[in-house]
Amino acid sequence: VCSMGNSTSRLYSALAKTLSSSAVSQHQTCLEQPDVAQLDPIDPKDLLEECQMVLQKRPPRFQRDFVDLKKNVVSNHRPIRVMQWNILAQALGEGKDNFVQCPMEALKWEERKCLILEEILAYKPDILCLQEVDHYFDTFEPLLSRLGYQCTFFPKPWSPCLDVEQNNGPDGCALFFLKDRFELINSANIRLTAMKLKTNQVAIAQTLKCNETGRQFCIAVTHLKARTGWERFRSAQGCDLLQNLMSITQGAKIPLIICGDFNAEPTEEVYREFSNSSLNLNSAYKLLSPDGQSEPPYTTWKIRPSGECRHTLDYIWYSQHALNVNSALGLLTEEQIGPNRLPSFHYPSDHLSLVCDFSFNQDPDRLL
């Protein structure tokens, strides 16, 4: 394990107790959880302070404000904060994605992982849904479990990260929830199908019970097929995921939140499938628009050899009959992102994080 700063630092000490690279490869084969029971809890403030020490030569984090969306909604419980983020797989960032305006120095894992952790620690999600995670076993699982999260990882069967020299194993989806707030009722790892064929894309769906209210809900994370020309494929994957979630939620009797990088603009068929699903879903970030009907202008903004790519691809869907969106985190502005776009010394991924605060509708028997 490499140092993230001073070798005597608290964070380095924490990382030094996690898996060695050889152990990581073994665990990636069998997908066993590393034993972290013997590791002491980490104070989030200490971890954030350590990250900031490592990042002291980088520009400070940009300010992003939450937008209040309650609209006179009264809640009798603490909101549930959900964070969605494609964090950019390290192997892809360094070896495949060709961010032509991003200096390689900005992509160094030893600092970039601190930027990722800083973002997570700043918003303190109760539930964290990540895509393109290729440092699960040596970074995210050991650290986040010590912050009180229960952790689940499901890699892609044929991850493109494995084509990159000195990779850290396959990338995949990861789901984390705070054990003191929720109890796991059941969990499903879903390998998505398209045209009845198994694909390289996956999802995790977990039914949780909120300890404060006793109410159950399902949280799902996914990452659909990328690239232009694969629209019908994404549509088929989306249909498969919706069918799985229909079964898991007993026909929408259990409220549902779906986080993901759909690799699809709102004009695509897969978006319409989710909008029109009998699960009665709405996209939380539409609520930031003046009419509540339009998605943000972008959730990813990068420059590749083929040109500038500015797209809305990331979403947080929710059961609008059972859940209320209390607030949503505003996006970075074009001025904040800067002319070289993402990733950068300021920001660790080519995708922006999305964060929403949810509350249960006070009438749990309200009809769809």
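Two strands are taken as paired if DSSP finds at least two bridges between them, and helices (H or I, at least four residues) and strands (E, at least two) are DSSP runs numbered from the N terminus. The structure is a predicted model, in which local features need pLDDT of at least 70 and side-chain atom pairs count only at pLDDT 80 or more, whereas totals for chains, interfaces and linings use all residues. Residues are numbered from 1 along each chain as its sequence is written, and side-chain values use heavy atoms, with hydrogens and water left out.

Strand β13 (residues 314-319) runs antiparallel to β9 and is joined to it by 5 bridges; within this pairing, Y318 of β13 is the bridge partner of I257. On β8 (residues 216-223), which runs parallel to β9 and shares 6 bridges with it, H223 has D261 of β9 as its bridge partner. The path from β8 to β9 passes through helix α7 (residues 231-248), and this β-α-β crossover is right-handed (clockwise from the first strand over the helix to the second, with the strands pointing away from the viewer).

In strand β9 (residues 256-261), 6 of 6 residues are buried (under 20% relative accessible area, 1.4 Å probe, protein chains only). L256, I258 and G260 point one way, and I257, C259 and D261 the other.

The largest nonpolar core (buried Ala, Val, Leu, Ile, Met, Phe, Trp, Tyr and Cys residues joined through side-chain atoms within 4.5 Å) has 71 residues, and I257 and F358 are among those with the most contacts inside it. Helix α5 (residues 109-123) supplies the largest share of this core, 8 residues. Apart from it lies another core of 24 residues, including I190, I248, F274 and Y315.

Note on methods: Buried means under 20% relative accessible area, exposed over 50%, partly exposed in between (1.4 Å probe, protein chains only).
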